[in-house]
Amino acid sequence: MYKFPWLQIDKGAHVGEIKSKRGRTSFITWGCHIANNVEIGEGVMIGPNTTIITSIHPISKDKWIKDQKTIHRKVVIEDDVLIGAGAVILAGNVIKKGAVIGAGAVLTEDNIVKEYEVWFGNPARLIKKRA
């Protein structure tokens, strides 16, 4: 395990360049794949086998997919967020303070998950607010 005073990353995780605040410890558990350009707040827990991707591939029928320019968008995960095991977070998402992304959820690109919202499903959608 890679351990810093503010962030713990399991040795089985594959993590690109991330920006993390110093403060309460955040955890990235085993089997996670986290791309570059991800901002992680304080007190965040990311469950096993979670994937966070910051690039998307356009799928216009006018060009071969391999010839279309990849689009890169930052992912922001604010403080006190829980991301359940096996979740997939795609490019351009903002997950606000206290939110929960359920196990196995697929958060498609460019969503704003508001404070204390709980999202589940594929595609992920708002289920309730934390009490």
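In the predicted model, Ser-26 is a buried residue, its relative accessible area being 1%. This value falls under the 20% limit that defines burial, and Ser-26 is therefore assigned to the buried class. The residue belongs to strand β5, which covers residues 26-28. Its side chain takes part in polar contacts with the backbone. A polar atom of the Ser-26 side chain is placed 3.2 Å from the backbone nitrogen of Gly-43. The backbone nitrogen of Val-44 is likewise reached by the side chain of Ser-26, at a distance of 3.0 Å.

Met-45 is located in strand β8, formed by residues 45-46. With a relative accessibility of 47%, Met-45 is classed as partly exposed. The class follows because partly exposed residues lie between the 20% and 50% limits. Together with Phe-27 and Leu-82, Met-45 makes a nonpolar surface patch of about 260 Å². Membership of such a patch requires over 30% relative accessible area, and the 47% computed for Met-45 therefore satisfies this condition. For the protein, the accessible surface amounts to about 7,600 Å², and carbon and sulfur atoms contribute 55% of that area.

Ser-55 is situated in strand β10, which spans residues 55-56. Its relative accessibility of 23% places Ser-55 among the partly exposed residues, because the value is not under the 20% limit for burial. Once neighbours within four places in sequence are set aside, the contacts of Ser-55 are with Thr-70, Ile-71, His-72 and Ala-91. The C-alpha atoms of Ser-55 and Asn-37 are separated by 9.5 Å, while the two residues are 18 positions apart in sequence.

With respect to secondary structure, the protein contains 20 strands and zero helices. An open sheet is built from five strands with parallel pairing, arranged in the order β3-β6-β9-β14-β17. Its edges are formed by β3 (14-15) and β17 (106-107), each of which pairs on one side only. Within this order, strand β9 (residues 51-52) is connected to strand β14 (residues 88-89) by two bridges, and these strands run parallel. Thr-51 is positioned opposite Val-88 of β14.

A further set of pairings involves strand β19. Strand β16 (residues 100-101) pairs with strand β19 (residues 117-121) in the parallel sense through two bridges. Val-100 has Val-118 of β19 as its bridge partner. On the antiparallel side of the description, β19 is joined to strand β20 (residues 124-129) by five bridges. There Val-118 is bridged to Lys-128 of β20. Val-118 is thus a bridge partner of Val-100 and also of Lys-128. Strands β19 and β20 make up a hairpin in which two residues lie between the strands.

Across the protein, which has 131 residues, 38% of the residues are buried. Among contacts with a sequence separation of 6 or more, 19% are between residues 24 or more positions apart.

Conventions
Residues numbered from 1 in each chain as written. Predicted model: local features only at pLDDT ≥ 70, side-chain atom pairs only at ≥ 80, totals over all residues. Heavy atoms only, no water. Helix = DSSP H or I, 4+ residues; strand = E, 2+ residues; numbered from the N terminus. Buried < 20%, exposed > 50% of the residue type's maximum accessible area, 1.4 Å probe, protein only. Contact = heavy atoms within 4.5 Å. Areas by Shrake-Rupley, 256 points an atom, 1.4 Å probe, with all protein chains shown as cover. Patch = residues over 30% accessible without salt bridge, like charges linked within 9 Å, V, L, I, M, F, W, Y side chains within 5 Å. Salt bridge = Lys/Arg side-chain N within 4 Å of Asp/Glu carboxyl O. Polar contact = N/O pair within 3.5 Å; in protein donor to acceptor, adjacent residues only side chain to side chain. Pairing = 2+ DSSP bridges.
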